[in-house]
Amino acid sequence: MSLRVGVIGAGAMGADHIRTIATSIPAARVAEVYDFDVDRAYAIAQPVFANVATSAEALIDSSAVDAVLICSPDDTHAALVRACIAAGKHVLCEKPLAVTADDSMSVVEAEVAAGRQMVQLGFMRRYDPGYREMRKTLRDGQIGTARLVHCLHRNVSSQTSSTSEGIVTGSMVHELDIVGWLLDDEVDSIRVESPVAEGLRDPQLATIWMRSGVIVSAEVFVNAAYGYDVRCEVVGTSGTVSLVPPTPTSIRRAGMDGVHVRDDFIGRFADAYRLELGAWAEDALNGVVHGPSAWDGYVANVIAEAGVASLTSGVREPVTLAPRPTLYSPIEYS
Ligand SMILES: NC(=O)c1ccc[n+]([C@@H]2O[C@H](COP(=O)([O-])OP(=O)(O)OC[C@H]3O[C@@H](n4cnc5c(N)ncnc54)[C@H](O)[C@@H]3O)[C@@H](O)[C@H]2O)c1
């Protein structure tokens, strides 16, 4: 039996997920697509033989849809996820879960009231083979005790992270999620600074203090011009472990020696998206959630709000979480 997926939002991310499901996920097929832009919905749905829904609500309630994939803009996420919970359907929602921590909490409360987990968040880096290997290296004790983490996240340019706050909530949110997962730790406090005082405050440099004492530096530069570049190094007491940018070749020419720097996240994280979608489909068929949860989405929103506050206040801001409902296990290991 394959999972019949309804996809809301057929833009860059939605179209790529639809392609990945059609080509690489035997456990799922795309049954329905909805996009505000009807022409776009048809253009993306027809090649995979999916129907076009008349509204997001109709898609969520459709008897031809078992589970929902939300790829519409950030400010639509929380209400759509709540509608999926009300319909009793599993949902994979692209990050972030909501625009505010309060709205994220409303999703958590709806899921707790339903009494079972149905929501997975699109923090796909948790499925990236490089990040997974780093996490295993740390858990196996191969570099001793972690002391520092250095993260770097650069885009050529960004339309979606077009405000100073949006750089934290839309882009840095990946780092805000991944460091706690990598280290099995929680964020205690955060300071975000920028060398740019006026207009779009890009690049930004976050210092993140973990509850264990580990200190994280995270540079996010969404208009770095030269390429899409994500790096991460954990410094331990007996060694370090780093992501190696996945590139099959190096080139020497015209007096230069180097590797190609790609310009898009879709290519860089193609394996992660595929593994994420495959795991989600299997879990949804089995009625379980092992991936990043609604709680993880809420936590990321709270850290991001502290980061945004720090960008204005200029000081280190505490991260204060609500009590974790028992529905969510203390640490998500998937
Ligand atoms: N996990 C990741 O690495 C990653 C990367 C990029 C984007 N994202 C997230 O994915 C989501 C989509 O981003 P994108 O880059 O594909 O954006 P996009 O602008 O390319 O696509 C968004 C699509 O949603 C449609 N849309 C707008 N409002 C809608 C509504 N109310 N209902 C249905 N469709 C609607 C638009 O017509 C458009 O086709 C965002 O939440 C973004 O933050 C995640």
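This is a guided tour of a predicted model, one selection at a time.

**Stop 1: strand β1**

Select residues 3–8, which form strand β1. Five of the six residues in β1 are buried. Now add residues 28–34, strand β2. β1 and β2 run parallel and are joined by six bridges. Look at I8: its bridge partner in β2 is Y34. To follow the chain between these strands, show helix α1, residues 12–24. The path goes from β1 through α1 to β2, a right-handed β-α-β crossover.

Next, add residues 67–70, strand β4. β4 also runs parallel to β1, with four bridges joining the two. Return to I8: in β4, its bridge partner is I70. Strands of a sheet pair through backbone hydrogen bonds, so switch those on if your viewer draws them.

**Stop 2: helix α2**

Select residues 38–45 for helix α2. Which of its residues are buried? They are A41, I44 and A45. These three cover an arc of only 95 degrees around the axis, so they sit on the same side of α2. An α-helix has 3.6 residues a turn, so residues three or four places apart point the same way. What do the buried residues of α2 pack against? Their partners are α1, β2 and β3, the last at 51–52.

**Stop 3: the ligand**

Centre on the ligand and show the shell of 25 residues that surround it. The closest are G9, G11, A12, M13 and E94. Helix α1 gives the most to this shell, with three residues. Colour the shell by type: eleven residues are nonpolar, eight polar and six charged.

**Stop 4: the seven-stranded sheet**

Move to the open sheet with strand order β12-β11-β7-β10-β9-β8-β15. Its pairing is mixed. Select β12 (240–242) and β15 (317–318), which stand at the edges. Each has a single partner strand, so one side of each is left without a neighbour in the sheet.

Inside that order, pick β9 (204–210) and β10 (215–221). They pair in the antiparallel sense over six bridges. Label W209 and find I215 opposite in β10.

**Stop 5: two serines**

Select S238, in the loop between β11 (229–236) and β12. S238 counts as exposed because 9 C-beta neighbours lie inside 10 Å. How far is S238 from I143 in sequence and in space? The two are 95 residues apart in sequence and 4.8 Å apart in space, C-alpha to C-alpha. Leaving aside neighbours within four places in sequence, S238 is in contact with I143 and G144.

Now select S329, in the segment after β15. S329 counts as exposed, with 12 C-beta neighbours inside 10 Å. S329 and I143 are 186 residues apart in sequence and 27 Å apart in space, C-alpha to C-alpha.

**Stop 6: backbone exceptions**

Most residues other than glycine have a negative phi, and most peptide bonds are trans. Check these four places.

- K95 to P96: this peptide bond is cis, with omega near -10 degrees. P96 is in the loop between β5 (90–93) and α5 (101–114).
- D202 to P203: a cis peptide bond joins them, with omega about 10 degrees. P203 lies in the loop between β8 (187–193) and β9.
- D184: phi is positive, about 50 degrees, although D184 is not a glycine. Find it in the loop between α7 (164–183) and β8. D184 counts as partly exposed, with 16 C-beta neighbours inside 10 Å.
- A254: phi is positive, about 50 degrees, although A254 is not a glycine. Its place is the loop between β13 (251–253) and β14 (256–258). With 5 C-beta neighbours inside 10 Å, A254 counts as exposed.

Methods: Residues are numbered from 1 along each chain as its sequence is written. This is a predicted model: local features need pLDDT of at least 70, side-chain atom pairs count only at pLDDT 80 or more; totals for chains, interfaces and linings use all residues. A residue is buried if 20 or more other C-beta atoms lie within 10 Å of its own, exposed if 12 or fewer, and partly exposed in between; C-beta atoms are placed from the backbone. Two strands pair if DSSP finds at least two bridges between them. A crossover is right-handed if, with the strands pointing away from the viewer, the path from the first strand over the helix to the second runs clockwise. The arc is that of the directions from the helix axis to the C-beta atoms. Two residues are in contact if their C-beta atoms, placed from the backbone, lie within 7 Å. A residue is near a molecule or strand if its C-beta atom, placed from the backbone, lies within 6 Å of it. Ala, Val, Leu, Ile, Met, Phe, Trp, Tyr, Cys and Pro count as nonpolar, Asp, Glu, Lys and Arg as charged, and the others, Gly among them, as polar.
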